[in-house]
Amino acid sequence: MKKQLVMIGNGMAGVRAIEEILKLNKEEFEMTIFGKEPYPNYNRIQLSHVLQGDTTVEEIIMNDWDWYKENHIQLFTNESIVKINPENKTVESSNGRITAYDKLIIATGSSPFILPVKGAEKQGVTGFRDIHDCEVMIKTAESYKKAVVIGGGLLGLEAARGLIDLGMTVDVVHLMPHLMERQLDPTASQMLQRELESQGMNFLMEKQTEEILGEDRVTGIRFTDGSETAADLVVMAVGIKPNIEVAAACGLEVNRGIVVNDYIETSIPDIYAVGECAEHREVTYGLVAPLYEQAKVLAETIVGKRESTYEGSITGTQLKVSGVDLYSAGEIMDDPSVKAIKVHNEFDGIYKKILVRDNKIAGIVLYGNTKDSSKLFRMMMGKEEITDLTDISLLQKAGEEGAEDIGSIPADEVVCGCNGVTKGTIVKAIQTQGLTTLNQVSGCTNAGRSCGRCKPLVNDILMHTLGDSFDASLAKDSLCGCTALSRDEVVEEIRTKGLTAVKEVMNVLEWKQEEGCSKCRPAINYFLGMVHMDAYEDDRDSRLVNEKMHANIQKDGTYSVVPRMYGGVTNAKDLMKIAQIAEKYNVPLVKLTGGQRIGLFGVKREDLTAVWQELDMPSGYAYGKTLRTVKTCVGSQFCRFGTQDSMSLGMELEKKFERLDTPHKVKMGVSACPRNCAESGIKDLGYVGIDGGWEIYVGGNGGTDLRAGDLAWTVTTEAEVMEYSSAFLQYYRETANYLERTSTWLERLGLDHVKAHLADKNIREKLNDRLDQTLQRYNEPWKQAIEDQKVNEKYYSTKEVELV
Amino acid sequence: MRRIEVYPYSKLYEQMGQPVTVGDSNIALFKLSNGEVHAIENRSPHPKGGILSEGLVSGHYVFCPLYDWKISLLDGLVQSPDTGSVKKYEVKVEGDKVYILLD
C-alpha cells in the first residue's frame with residue numbers, strides 16, 4: 001500500500017512542495033490536501049493585480065482542478081484542519097473527517113494581522129490576504145466612496161492603489177515617518193510618496209490608530225492624537241502572522257512560526273512545515289522565492305534523499321504598483337560600518353544606492369530604474385569583490401554600459417523569482433527546444449511572465465547561450481514566434497514581392513511554422529487585404545473564430561447575433577421581427593448592447609443561418625476588427641439643444657465604413673452639441689456638433705486603455721467630415737500594427753505627426769481613393785451564409801449521431 | 001470498443017474543425033492539411049472551458065478559440081507554458097467514411 005501524505009493548506013508554497021515531490025517520485029505517496037479556501041492553488045502575489053483590475057481570479061489559478069485529478073491528489077476545499085494527533089498520526093478536519101498520515105506537511109500560511117483596537121470587528125474592516133478579501137473590497141467599492149488603508153508597507157500600498165483604481169478615495173495611515181521603512185531609505189521613500197500622491201493617494205503619516213468608529217459598520221477612525229478621518233472601508237495591512245494555532249496545540253515547537261531545521265523538519269518526526277507558517281533560524285519569510293527554495297528541500301527530505309539543506313534566504317523586494325519602479329535588498333540604511341555609492345538623478349526621478357562593506361555589496365536600494373537589480377542582487381549574494389568595477393560615469397551615452405558575465409552565473413541560481421525559474425532551466429530549454437527569442441523562452445519556461453523584471457537578464461542568457469548564432473534581428477519586435485520579420489518588414493515584402501495569399505507569404509518568407517499561428521495568420525490576412533485593396537480574396541480560415549463565424553462566440557459555445565442598426569436608430573417593424581425571432585429560437589438573453597443596438601445572446605451554431613435569414617438585416621459586425629457602431633444622440637431633429645443633425649451624420653458614417661477591415665475595432669460617436677450625449681470623447685473617431693460645423697476628435701478609448709480623444713480638426717461641412725475621417729482611418733489602416741487601437745497608435749505616432757501628414761490635401765485625396773477602392777470588395781456576410789450552400793455547410797453545419 | 005460512423009470524409013475541410021455529437025459526447029473532428037483526420041473532445045481544457053472545433057488549425061495544432069491555448073491534435077496535450085490535456089479519440093478513415101472508436 002502507498003504511503004499517505006497529507007498536507008494542511010493549499011497555497012503556493014505547499015503545492016510547490018507537492019510538485020517537487022511528484023517530480024522526484026510519482027508513485028510513493030497517496031496525497032490528500034486540505035484547503036480552507038474554496039479554490040485550487042492560485043497565485044497570491046497577483047492578488048494586487050486582480051484588485052487593480054489588470055487580471056481576473058480565473059487567470060491567477062496556478063493549478064486547476066484537473067491538475068489535482070491528473071496527479072491523483074484528493075483535494076478537500078472549504079475544509080480546514082482543526083486538530084493534529086501525532087500519537088496515532090491522524091488529522092481531524094472542520095467537517096469531522098479523520099485522515100491518517102504517514103507524512104504530514106503543514107503549509108497553513110499566514111493571516112493578516114488585525115490591530116487589537118476597539119471596533120476592529122465592525123463591518124467594513126478587512127485584511128488583504130486572499131480572494132475573499134479582494135472580493136470584499138471590489139464589492140465595497142461599488143457602493144462606498146472612502147477607504148482607509150492602515151499600513152504604508154508593500155501590501156498596504158498595493159491595496160491602496162487597487163482601491164483607487166476601483167474609484168475610491170484613499171487615505172493611507174502609517175505609523176512611521178516614512179513609507180516602506182523596512183525596505184527603503186528616507187530618500188527613496190520620499191520619492192515614492194511623491195509619486196503615489198500624484199496618483200491620488202492621501203497619506204496620514206505618524207498616526208497610530210486608537211479606535212475604529214461606527215455602529216455596525218465602520219464610519220471612521222480615531223487616532224491617538226485625537227484626530228479622525230472618515231472611512232467606509234478599512235483595510236488592515238500592518239503585517240502578517242503565521243497560522244500556527246493547530247501546530248502549537250499538538251505540541252510542535254513554535255516561536256513566531258513553526259520551528260523547522262535545515263531539512264524543513266519540525267520538532268516531531270514525520271511532520272514538516274513549509275512556507276509562511278514556518279520559522280527557520282528565527283526568520284519567517286513572506287516572499288515567494290525563499291518559500292520555493294524551502295519547498296525544494298522539503299521534497300528531497302520527504303522522499304528520503306535528505307541531501308540538500310535550506311540555509312536561509314536574503315530576498316529582494318519590489319512594489320507592484322504601476323508607475324512605480326523600485327527594488328531593494330539586503331541592508332538599506334547608511335551607518336558607520338558601510339560606505340554608500342549613490343546616484344540621485346532628480347531630473348529623471350532616479351535614485352540608486354549600493355551599500356558596500358569590505359569591498360562587497362551589503363545592500364541595494366533602487367528607485368526609478370531597477371534594471372540592474374538582478375545583477376547587483378547576484379553580486380551581493382555571491383559576495384563578489386567590487387574592487388575591479390568602475391562606478392557610473394555621469395551622462396554617458398545610451399548603450400555604453402558593459403555587459404556582465406553571464407557565464408559566471410551558476411546554473412541553479414533563480415533568475416525569475418516570481419516563478420522560481422533557474423538559469424539552468426532556461427539554458428536547457430533554449431538548447432533542447434531550439435528557442436531563439438525572448439518570447440519563446442518566456443513561453444516555454446514561464447520566466448519573465450509575472451512581473452517582468454528579469455526579462456533583460458533572460459535575454460542576456462539567451463544571447464550568451466546561443467553565442468554566435470544569436471540573431472540580434474530576432475530581438476526586435478517580430479510579428480510572432482513564427483518569423484524574425486517585423487510588421488513593417490512583412491508588409492514591405494508583400495508589396496515588393498507582390499505576395500497575394502497567406503500561405504504564399506509564410507512560404508516565401510520562410511516561416512518557421514509552415515502553417516503559422518493564431519497571431520500571424522490573422523495579421524497577414526489583414527495586411528494582404530490592406531495592400532491589395534479591391535483585389536484580395538479574404539482567407540476566412542486564417543481569421544479568428546468570431547470573424548470566421550461572423551458571430552461572437554460565447555463561453556458555452558453558443559453565439560451572439562447583433563444586427564446592424566445604423567446610428568442606433570430602429571423602427572417598430574424591426575423590433576417586432578427581432579422579438580418574434582427571439583421567441584421562436586428560445587434565445588436566452590436579449591440585451592441592449594453598449595453600442596446602441598439589440599443583441600441576441602445564446603444562439604446555437606446550427607440556428608445561426610436561419611436566424612439571419614428571418615432577421616433579414618445586415619450583420620452589425622459586433623465581433624470584428626472593423627467599424628463596430630456609430631453611437632449618436634437624438635440631435636437637432638428632436639432635441640431642443642441640438643445644433644447639428646447627429647443621427648443623419650452617424651448613419652451616413654456607419655453606412656460608408658461598415659465591414660471595412662481595420663487593425664483593431666473602431667468605434668465612433670456623433671453628438672449634436674458639446675453636451676456630448678454620444679460620448680464622442682472616448683471614441684476612435686468622435687464628432688461634436690457646434691454652431692456652424694463639427695469638431696472631430698481622434699484616438700479616444702473608453703476601454704482597457706482609457707484615453708480622451710484629441711481634438712484634431714474643426715470643419716464646417718459634412719463633406720469635410722467624411723474626407724478627414726476617411727483619410728484618418730486609411731492612414732491608421734496602413735501604418736498601425738495589427739491589433740493596435742487608434743489610441744495606442746496615435747500615442748506612438750503623435751497627434752502632431754498625424755495632423756501634419758493629413759494637412760496636405762493631396763495626401764488626403766489619395767488616402768480617400770485607396771479607402772474607397774477597398775470598400776468596394778465587401779459583401780454582406782450573413783446574406784452570403786444563407787445563399788452560398790458551401791459556406792453554409794463548411795462553417796455552420798453540425799451533426800448528431802445517435803448511439804443505438 | 002465500438003466503431004461509430006460519424007461523418008463523410010469528403011465533407012471535411014482541410015485546416016478546419018467540425019463539431020459532431022455522438023450520444024452524449026461532444027467531439028471535434030479536424031482534417032489537417034496533410035489529409036489526416038483527428039478527433040478530440042470538443043471542450044477546451046482551460047479552467048473556463050469553451051469549445052475547440054472553431055479554433056484556428058496550424059499543422060497538427062489547434063488554437064483554442066476562446067483563450068488561445070495551443071493544443072496538439074496528435075495526443076491532446078496542451079503546449080507550454082499552459083498545461084493540461086484534452087481527451088483524444090481514435091479515428092479510422094475507410095473510403096469516404098470517418099469512424100470514431102468509442103470505449
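Leaving aside its neighbours within four places in sequence, which residues is A:Cys444 in contact with? Hold that thought for a moment, everyone, while I say what we are looking at.

This is a predicted model, where local features need pLDDT of at least 70, side-chain atom pairs count only at pLDDT 80 or more, and totals for chains, interfaces and linings use all residues. Residues are numbered from 1 along each chain as its sequence is written, while chains are lettered from A and ligands numbered from 1 in the order in which they are written.

Back to the cysteine. A:Cys444 is in contact with A:Ala429, A:Gln433 and A:Leu435, and also with B:Ser80 and B:Pro81, once neighbours within four places in sequence are set aside. Contact here means that the C-beta atoms of two residues, placed from the backbone, lie within 7 Å. A:Cys444 sits in helix α11 of chain A, residues 438-445. When I say helix or strand, I mean DSSP runs numbered from the N terminus: H or I with at least four residues for helices, E with at least two for strands. A:Cys444 has 18 other C-beta atoms within 10 Å, so it is partly exposed. On that scale, 20 or more other C-beta atoms within 10 Å is buried, 12 or fewer is exposed, and partly exposed is in between, with C-beta atoms placed from the backbone. A:Ile430 is 14 residues away from A:Cys444 in sequence, and 9.0 Å away in space, C-alpha to C-alpha.

Now let's turn to chain B. Chain B has 0 helices and 9 strands. Of its 103 residues, 44% are buried. Among the contacts in chain B with a separation of 6 or more, 38% are between residues 24 or more positions apart.

How many residues does each chain bring to the contact between them? Chain B gives 30 residues and chain A gives 30 residues. On the chain B side, the elements giving two or more residues are β1 (2-8), β2 (16-22) and β5 (56-58). The largest share there, 5 residues, belongs to β2(B). By class, the chain B side has 16 nonpolar, 11 polar and 3 charged residues. For those classes, Ala, Val, Leu, Ile, Met, Phe, Trp, Tyr, Cys and Pro are nonpolar, Asp, Glu, Lys and Arg are charged, and the others, Gly among them, are polar.

Strand β2(B) also runs parallel to strand β37 of chain A (residues 799-801), joined by 3 bridges. Two strands pair if DSSP finds at least two bridges between them. Across this pairing, A:Glu800 stands opposite B:Thr21.

Next, a sheet inside chain A. Five strands form an open sheet in the order β32-β33-β34-β35-β36, with mixed pairing. At its edges stand β32 (627-632) and β36 (710-715), each with a single partner strand, so one side of each has no neighbour in the sheet. From one strand to the next, the twist averages 20 degrees. Angles in this talk run from 0 to 180 degrees between N-to-C directions, with axes as lines fitted to C-alpha atoms, for helices over the stretch in contact.

Is β32(A) largely enclosed or left open? All of it is buried, 6 of the 6 residues, so β32(A) is largely enclosed by the rest of the structure. β32(A) pairs with β33(A) in the parallel sense over 4 bridges, and A:Leu627 has A:Val666 as its bridge partner in β33(A). At the other edge, β35 (residues 693-698) and β36 of chain A pair in the antiparallel sense over 5 bridges. There, A:Tyr697 stands opposite A:Leu711.

One last piece: two helices. The axes of α20 (residues 646-657) and α21 (residues 718-735) of chain A come within 12 Å and cross at roughly 40 degrees. That makes α20(A) oblique to α21(A). As for the cut-offs, under 35 degrees is roughly parallel, over 145 roughly antiparallel, 65 to 115 roughly perpendicular, and the rest oblique. On the α20(A) side, A:Leu649, A:Leu653, A:Lys656 and A:Phe657 meet residues of α21(A) including A:Val721, A:Met722 and A:Leu729. By class, this contact has 6 nonpolar, 1 polar and 2 charged residues.

That's my tour, thank you for listening!
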